[in-house]
Amino acid sequence: MAKKKGKGSKGQKSGSRDDPAWARTDVIEREHMRNERLEKYYKAQNILPEDEWEPFLETMRNPLPTTFRVAGSRQAARLLNDTIKDVHVPHLAGVVFEGEAVSPPQQIPWYPEGLAWQFNVAKKVVRKSPEFKKFHSFLVFETEVGNISRQEAVSMLPPLFLEVEPHHRVIDMCAAPGSKTAQLLEALHAQDTITSSSIPSGLLIANDSDYKRTHLLIHQSSRLPSPALMVTNLDASIFPAIKIPSEQTTFPEHTKARVAAKRQYQLMFDRILCDVPCSGDGTMRKNPGIWKHWSPMDGNGLHSLQLRILQRAMRMLKKGGRIVYSTCSLNPVENEAVVAAALKSMPGFELIDMSNHLPGLIHRPGMTSWRPSVTREVNTDFATYEEYIASLDEAQRAATKLTESHWPPSAEEAESLHLTRCIRIYPHLQDTGGFFIAILQKKPPVKAPTAAGTSSESKRSADAVEGLDKADVKKPKLDDAPQAPAVEEAPAEDIEDLEETIPEENAEESTTAMDVDKTTTASTSEPKIRFKKGKTAEGASAHFKENPYTFIEANDPIITACMENFDLSPDFPASNMLVRNPAGDTVRSLYMVNDIVKSIIQHNDYARIRLMTAGTKVFGKQEGTEAKRQGNDTHFRVLAEGLPVVLPFVGPKAVVHADFAALKILMEAYYPLTSGFADPFRSMIEAKPNGSYVVRFQPGQLGDATLTHELVLPIWKSNVSLTLMLDKRAKSALSLRIFGEDITTVAREAAAKRKQNAQTGASETPAETPIEVDAKEENVESAEQSDAPEEQE
């Protein structure tokens, strides 16, 4: 969801208020869910007809239903969705708890392919009903491995309106905790299969200003490993220009030579998601503490930040590109007011009508008129900004934080801006949270006749555009907020057909975020970069301590060993492999990125853009006793998280075929002996040298369990044993999905411990909480290295 106002960097990320009750959901009884300021304010805005007001408030006081989305590649998601629909839902259909029938999960009507679900079940039912308890365990484990995303229904909407395709360059500007980022990644990987991942030509930059929350973002996105992903830690309102080398080899006739000769371009985006920080009153059903503290001044205070973020996004958008601006607030000051101000300040953009994009979604149009409150106690007496300013003395005028953009445009302007094309979601319409969405598009270029001696392809500064009033296109001054870097000052409409170029005559004037040395050639070496002094240059990387990104040569011994051991095909992107080690340290992991990510890393200082991670980890150094004894520095294993990316390139020498029975043996023990498997798998694996292999488990039947499709997993072969290279959570989730129960060693040990505790009277360890993954605020590291066992001799 969008974030509540907090005390993070520049107010950009949520944080707990001084009162801990703000973030709690169990501190207020239903009869106390009232706030006179909220009711007075929203009634004054006429957000709903009078006959809907009470149903709206009653719904706001009800707990939010549990919703989740089946995640991952489309083919895998469809298979898991069929399991929910055909196995779990019928099993839950006849449940009666304490004499009352309990409704099973239902598909959310507007989500494509029915891949999102909702159920409204009390916690005591989940804890005590055997049927729901089993379903809950299934959800917990599938969430842990990334096959299910616990996500509010309305939070699923913004990525659907972006319509991301695999070739798109996308940025999620305020991304943590990452549920929407995961949706964007899935769209980027629309061509993935059940067992293997594609390498999309596009890009997704997931940005968040909160350093700690970026680690949660990395953990969330790691569930769908992607060579096209980058995570950055920057203030979205002053996101710096990112440089890429020229990708254009042919130019229109009459293009000036200096334009055609340019080697550096600014990266522009096809799709941008601005799910901005907000007051969050649309989340009151899951955060009832907001009832106690809500004030109209929360939205007033965030308006300027929200506007700066949206304006920055507009400056980074390609012509014909799309921005989705969203909040989980119902306040027009945070919604339509921001959109109207942005559209007025930057010509060349329009709201597009996508009201019929999701059949089954019930929503209301955007508002065209509202009255901001000028005090905490709700004073909406001033219809215009001029009236408000006229009521203040000189000292009050200097002190006020309210700007003209807090107020609505004139009726004529509102109509021309098409504010009714915005989408408002109210909780009582479909039993959801409250939400706001606006879809903006940068108008495609319109070719105008040019005067003799001029060229439409030439680049001009704002001063050189005849008749252009710079005051009309520059963003308005908002409070005393820090201004964006000077690279933003070039009006968006001045960037013409060659929309990724940064005009040379503007390069010095606009103080771009970074200036690549003109002597840099198009070689593969790192470009020399010098920084210009500007708002983002000072201190942006002063405290950034992440490890560097170093690409290794395709003929490096580590790469050649991996190519040989895994029989990788010649088209394997060996030149796109990087390491994250400080100089001189042993290489422990290899990461893969796609071409555009590599280009960005090579042409930008990673500390300046505060790059937290890039690409996906595919190979890890085997640290077991055998590898150490052999002294082999190039003994790497394929990681479970990277296997889908590597699999299309793996040759037959590194692949072993096995049946369903072999899978069960590997699930039940940490280090099963090779002699315990049946032929032909036993003979095949014993003939292989020690090392890492890919096993293709064929569909089949084993007792009551059925493997409906091929399953591909990594193993490690030692002298006399095998190890399934999955972490404990992934093993348990796989076991529950296939066998209907957890048959792993960990589960048996946990059951034995519970039994022992019951016999001795010791208290049991509390059960895992429901799948509130999107609410965790901790640094969650990947379990791949820590949970993967060493090989057994």
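**Exercise 1. A ring in strand 5**

Is Phe 119 buried or exposed? Classify this residue, then trace its ring pairs in this predicted model.

*Solution.*

Step 1. The relative accessibility of Phe 119 is 7%. Buried means under 20%, so Phe 119 counts as buried.

Step 2. Turn to the ring pairs, of which the count comes to 22. In one of them, Phe 68 and Phe 119 stand edge-to-face, with 6.3 Å centre to centre and 70 degrees between the planes.

Step 3. Place both partners. Phe 68 belongs to strand 1 (residues 66-70) and Phe 119 to strand 5 (residues 116-119), so this pair ties together parts that are 51 residues apart in sequence. Phe 68 is buried too, at a relative accessible area of 0%.

Step 4. Look at the pair of Phe 119 with Phe 135. This pair is also edge-to-face, at 5.9 Å centre to centre and with 65 degrees between the planes. Phe 119 in strand 5 and Phe 135 in helix 5 (residues 130-144) are 16 residues apart, and the pair links distant parts of the chain. Phe 135 has 2% relative accessibility and counts as buried.

Step 5. Extend the network. Ring pairs join Phe 68, Phe 119, Phe 132, Phe 135 and Phe 138 into a cluster.

**Exercise 2. The second largest cavity**

Describe the volume and the lining of the second largest cavity.

*Solution.*

Step 1. Searching the whole structure gives five cavities of 30 Å³ or more. The second largest cavity holds about 130 Å³ of space.

Step 2. The lining of this cavity has 15 residues, and those closest to the centre are Ala 71, Gly 146, Ala 182, Gln 220 and Arg 223.

Step 3. Assign the lining to elements. At least two residues each come from strand 6 (148-150), helix 7 (179-188) and helix 8 (211-221). Helix 7 gives the most, with four residues.

Step 4. Sort the lining by character: five residues are nonpolar, seven polar and three charged.

**Exercise 3. Met 612 and charges over rings**

Find the surroundings of Met 612, then locate the charged groups over Tyr 549 and Phe 551.

*Solution.*

Step 1. Met 612 lies in strand 23 (residues 611-614). Its relative accessible area is 3%, so Met 612 is buried.

Step 2. Compare sequence with space. Met 612 and His 215 are separated by 397 residues in sequence, while their C-alpha atoms are 8.3 Å apart.

Step 3. Set aside neighbours within four places in sequence. Met 612 is then in contact with residues including Tyr 211, Thr 214, His 215 and Ile 218. Val 231, Thr 232 and Asn 233 are also among its contacts, as are Phe 544, Glu 546, Tyr 549 and Arg 580.

Step 4. Take two residues from that list. The charged end of Arg 580 sits over the ring of Tyr 549, 3.8 Å from the ring centre. Lys 598 lies over the face of Phe 551, 5.5 Å from the centre of that ring.

**Exercise 4. Leu 417 and Gly 348**

State the burial class of Leu 417 and of Gly 348, and give their contacts.

*Solution.*

Step 1. Leu 417 is in helix 15 (residues 411-417) and counts as buried at 15% relative accessibility.

Step 2. With neighbours within four places left aside, Leu 417 is in contact with Ala 340, Leu 343, Lys 344, Leu 351 and Pro 409. The C-alpha atoms of Leu 417 and Phe 349 are 9.5 Å apart, with their positions 68 residues apart along the chain.

Step 3. Gly 348 occupies the loop between helix 12 (336-345) and strand 14 (349-351). At 28% relative accessibility, Gly 348 counts as partly exposed.

Step 4. Beyond residues up to four places away, Gly 348 touches Gln 441, Lys 442 and Lys 443. From Gly 348 to Lys 443 the C-alpha distance is 5.6 Å, at 95 residues apart in sequence.

**Exercise 5. Helix 2 and the whole chain**

Which residues of helix 2 are buried, and what do they pack against?

*Solution.*

Step 1. In helix 2 (residues 50-61), the buried residues are Glu 52, Trp 53, Phe 56, Leu 57, Thr 59, Met 60 and Arg 61.

Step 2. These buried residues pack against helix 1 (36-45), helix 10 (290-293), strand 15 (364-365) and helix 16 (427-430).

Step 3. Widen the view to the chain. The protein chain has 27 helices and 31 strands, and 57% of its 793 residues are buried. Among contacts with a separation of 6 or more, 78% involve residues 24 or more positions apart.

Notes: Residues numbered from 1 in each chain as written. Predicted model: local features only at pLDDT ≥ 70, side-chain atom pairs only at ≥ 80, totals over all residues. Heavy atoms only, no water. 1 Å grid on protein atoms, 1.4 Å probe; cavity = no way out; pocket = protein on both sides within 12 Å on 5 of 7 lines; lining within 4 Å. Points joined across faces, edges and corners; volume = space filled by probe spheres on them. Nonpolar A, V, L, I, M, F, W, Y, C, P; charged D, E, K, R; others polar. Phe/Tyr/Trp six-rings, centres within 6.5 Å; stacked < 30°, edge-to-face > 60°. Buried < 20%, exposed > 50% of the residue type's maximum accessible area, 1.4 Å probe, protein only. Lys NZ or Arg CZ within 6 Å of the ring centre and 35° of its normal. Contact = heavy atoms within 4.5 Å.
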